[in-house]
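Here are a few short exercises to work through with the model open beside you. Try each task before you read its solution.

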Amino acid sequence: MKRAVTFAFALVLCLGTFAFGQDEFEFWPGTQYDPSVPTTRQVLGYDPGERIASHSELMKYFEALQRARPAQIKLFEYAKTWEGKKLIYAAVGSEANIARLESISSSMKRLADPRVTGDSEARQIISSMPALTWLAYGVHGNEISSPDAAMMTAYHLLAARGNEVVDKILAESVVFIDPTQNPDGRDRFVHDFNIAEGLEPQESQLAAERNEPWPGGRTNHYYFDMNRDWISLTQPETEGRIKALQEWWPVVFVDLHEMGTNSTYYFGPEAEPYNPFKTEQQHRNTDLYGKNNAKWFDRFGFDYYTREVFDGLYPGYGDSWPMLYGAVGMTYEQASVRGLVVRKSNGERMHFRDSVRQHFVASVSTAETTAVNRERLLRDFYEHAKTSVEEGRTGPVRSFILPRRGDTSLVDKLANLLHKQGVEVAQSSSAGTVCGVSYPAGSYGVSTAQPARKLIRNLLDKDVPMAEDFIKEQERRRSIGLPDEIYDITAWSLPIMFNVEAVPCGQALPGSFRETAPQPVTPGTVSGGTASVGYLVPWGTTAAAKLLTGALRKGLRIYSADKQFVQKGRTYPRGTLIIKTVDNPSGFGSTIADLARTTGAEVVATDTSWVESGVNFGSDNVVEIRRPKVALAWDEPTSSYSAGQTRFILERQYGFPVTPVRTAQLGSRDIAQFDVIILPDGFGYANVLGGGAVNRIKDWVAGGGTLIGLGSGAVSFLADPKTGMLAVSRENAAKTDKDGKPVAEGKPSEPAARVPGKLITSEEQFKDLIEADVSSPDAVAGVLVRAKTDPDHWVTAGVQGTVNAIFRGNAIFTPIEMDSGANAAYFTGPDDLLASGYMWEETRKQLAFKPFVVVQPSGRGNVIGFTQDPTIRAYLDGLNVMLLNAIFRRSAQADTYGKR
């Protein structure tokens, strides 16, 4: 590794002292270390906090520790990243505990399920079992101090001698260390840092070495924030981590992060709003850890804060998900150096080693709290599971039914997703009715009388509300112009996001339901006999969309019906795929069968092109779907989240490759090679694509291209009068009088040295005068809202009449007029707009009947705007068919202006 400046480092093994330049530095003052345990200097060539360790260096050091102390540390590989890097965790403990790890895992699994473990056996397990602490480092790759702290923590636990804290930890607990949850993002940051480094570390907060180029190192290979992925498991890192936790069921889980440079250190208790399913006992146990952390931070002179900013409402955080199975889940946040040294705004000079040390001390303190409270924490964990089962058995919601209808491929995916998270799922062998709802055979059921009840309720409930007093305070803050304190989205119901049913029921599951292990795909089959004419694939499911992309990649020729038709008594929806025998190679039926099996799509063989009603196969309303060449805007000014999520959905969920193109290059004439260009969400397109570039893109659209803008940033660019590609406008906040009636928007007042005098006779008049004449709507953290689809537009083929989207921010657009285009999907009326979450009343009223998907024909092409990003976190699966319609069905609409 490149060294910009040489420091004289000397490790005094007997005292645990590190020499940084002329200053001696102790991570845990007074500790003596066993010289037989290798240090980072011996293995990597530098001391803790001197350099920023890469993923390979982290692996090298932990492997060296295992070679030196195989009886006290064991490494487990739990996943590989998209870039092929391995993810590991290390179990660190006494020789006796490491020798019985298999037994510990078995005992924790029994303790996690009181249905198989009675109180007497639980007491025996608790009396003899170590408590398990899980320390997870670096889920955000550019939050650099915690992985280096992971190395120091492991070294300290293995090498410290005569240290009462360490002795207690080893005697009463096992510490699991996940040293880097995001290897791809970490290495991206390390690479950017190394190439920006100069003669000596720069302390300016503006220095290039700490200000990363797009996309930065926070996210993984597909630019996902994996601290939001815990309920959707879209990424292999998250899926592997949740599987690993279910092997051990640790009683405490800590996710160690970094925050802004000018801050200090944060640990729990968390801020409001709390997740309502967190128990009072969990709150008390969180206080235990906070108090012990405070003890050590006071002793070492570290500043910290609690109960601010970082809440625990959203269950997709790394600290929230473990809380729902009964653990104490916490986030720790360290002020970031984002390099080797930085000057804070208050003049304080902070070294990387300082940030490493504080995370290290918090890690040891956490492990100590677990060890000291071993029996209490194990007992509380068991009681939490007991209470969950009992409340599920007697509470108002005793089960959920997931009827297997509509997009059955998404129903299957939802059942599998629950199963992966440790939820027991059952499947019905026959049709039936329960709680007034009928369901077909093959439907899924989830009993809440199981240890995962709180997770089930978080994932399947239509709404998980915030506390009324917290909401009231946010409304008060908003009324006086202060920002709200909602950290992330307030709605995440998986059934709503998937646009499938999940029916809460006050009864236990009927006897026809039997526990099953749902697979992500139920293999599809080909029905209907001889395919002398071809194959029909009913459109509207994600499985059918996957078959389409797979068939196009295999070079098959495919048609799609713009209108529904009836054949042999069956109605086929708009968008149905028609794959003709005459247009494809002989023997292609085996390819179709393989695609049906792997995608789960329904395929019907047909021996006739005759239909009883609707369009015939030779109609002008049956159009060929050609394989498009898709470009995706990449780099500034796109949101790396939106760009990565869009690419992930197309490539990994639908198996269709896209070409990322640097945004600035989209203004070149070479874009003629592409059929579709996608602009992910992001603000500042006009700064990258100048007037000449915009004109070339317009010409490309007029020649038959499809331009798709995702989210408010991209749509704002397309709608800008200077761009002129979407005939919609972004709205200011609607103004109303005291009776709620609309009033005309005023003009911003011009500043003047003197104005006529005015008497203000009441506080009400004062508030009216200080309110801005023109302002944006108040931003919404994130809610699920309903949108109605146009039943005749090609973009909505196969899509249900109502879909659900996430609305966040404050971008509301005017509808497009009929002579310019179509509002292919628009938000519903104010009374039924909100599907889940908390939304400001004014925003709810103003968003009603405003567009979600706008299509504007231009020449032979189309410009399509999704006013809210349908790719957010890749968990709005219920919108994917509409997104794929925009990409793949565009070729059917290349000839007629205004075709619906």
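**Exercise 1.** Decide whether Thr40 is buried or exposed, and find what its side chain reaches.

*Solution.* Bear in mind that this is a predicted model.
- Step 1: The relative accessibility of Thr40 is 6%, and buried means under 20%, so Thr40 counts as buried.
- Step 2: Thr40 is placed in helix 1, residues 40-44.
- Step 3: The side chain of Thr40 reaches the backbone oxygen of Tyr46 at 2.8 Å.
- Step 4: Setting aside residues up to four places away in sequence, Thr40 touches Gly45, Tyr46, Asp47, Pro48, Tyr61 and Met151.

**Exercise 2.** Describe the disulfide of this structure: which residues form it, what is its handedness, and where do its two ends sit?

*Solution.*
- Step 1: The structure holds one disulfide. Cys435 and Cys505 form this bond, with their sulfur atoms 1.9 Å apart.
- Step 2: The torsion about the S-S bond of Cys435 and Cys505 is about 65°, so the disulfide is right-handed.
- Step 3: The pair links distant parts of the chain, 70 residues apart: Cys435 lies in the loop between strand 17 (432-434) and strand 18 (437-439), and Cys505 in strand 20 (residues 503-505).
- Step 4: Now the accessibility of each end. Cys435, at 31%, counts as partly exposed, whereas Cys505 is buried at 1%.

**Exercise 3.** Work out the surroundings of Val630.

*Solution.*
- Step 1: Val630 belongs to strand 31, residues 630-634.
- Step 2: With a relative accessible area of 3%, Val630 is buried.
- Step 3: Beyond its neighbours within four places in sequence, the contacts of Val630 include Phe656, Val658, Phe674 and Ile887.
- Step 4: Between Val630 and Ile677 the C-alpha to C-alpha separation is 5.9 Å, although they are 47 residues apart in sequence.

**Exercise 4.** Characterise the largest pocket and the second largest pocket by volume and lining.

*Solution.*
- Step 1: The largest pocket holds about 1500 Å³ of space. Its lining has 38 residues, and closest to its centre are Ala734, Lys735, Thr736, Glu771 and Glu842.
- Step 2: By class, the lining of the largest pocket has 14 nonpolar, nine polar and 15 charged residues.
- Step 3: The second largest pocket holds about 560 Å³. Among its 33 lining residues, Lys413, Lys420, Pro520, Lys546 and Gln653 lie nearest its centre.
- Step 4: Helix 14 gives the most to the lining of the second largest pocket, with eight residues. By class, this lining divides into 13 nonpolar, 12 polar and eight charged residues.

Definitions and conventions: Residues are numbered from 1 along each chain as its sequence is written. This is a predicted model: local features need pLDDT of at least 70, side-chain atom pairs count only at pLDDT 80 or more; totals for chains, interfaces and linings use all residues. Side-chain values use heavy atoms; hydrogens and water are left out. A disulfide is a pair of cysteine sulfur atoms within 2.5 Å. Helices (H or I, at least four residues) and strands (E, at least two) are DSSP runs, numbered from the N terminus. Buried means under 20% relative accessible area, exposed over 50%, partly exposed in between (1.4 Å probe, protein chains only). Contact means heavy atoms within 4.5 Å. A polar contact is a pair of N or O atoms within 3.5 Å; within protein, one must be able to donate a hydrogen and the other to accept it, and residues adjacent in sequence count only if both atoms are side-chain atoms. On a 1 Å grid over the protein atoms alone, a cavity is a set of points where a 1.4 Å probe fits but cannot get out, and a pocket is an open set with protein on both sides within 12 Å along at least five of seven lines; lining residues have an atom within 4 Å of a point. Grid points are joined across faces, edges and corners, and a volume is the space filled by probe spheres set on the points. Ala, Val, Leu, Ile, Met, Phe, Trp, Tyr, Cys and Pro count as nonpolar, Asp, Glu, Lys and Arg as charged, and the others, Gly among them, as polar.
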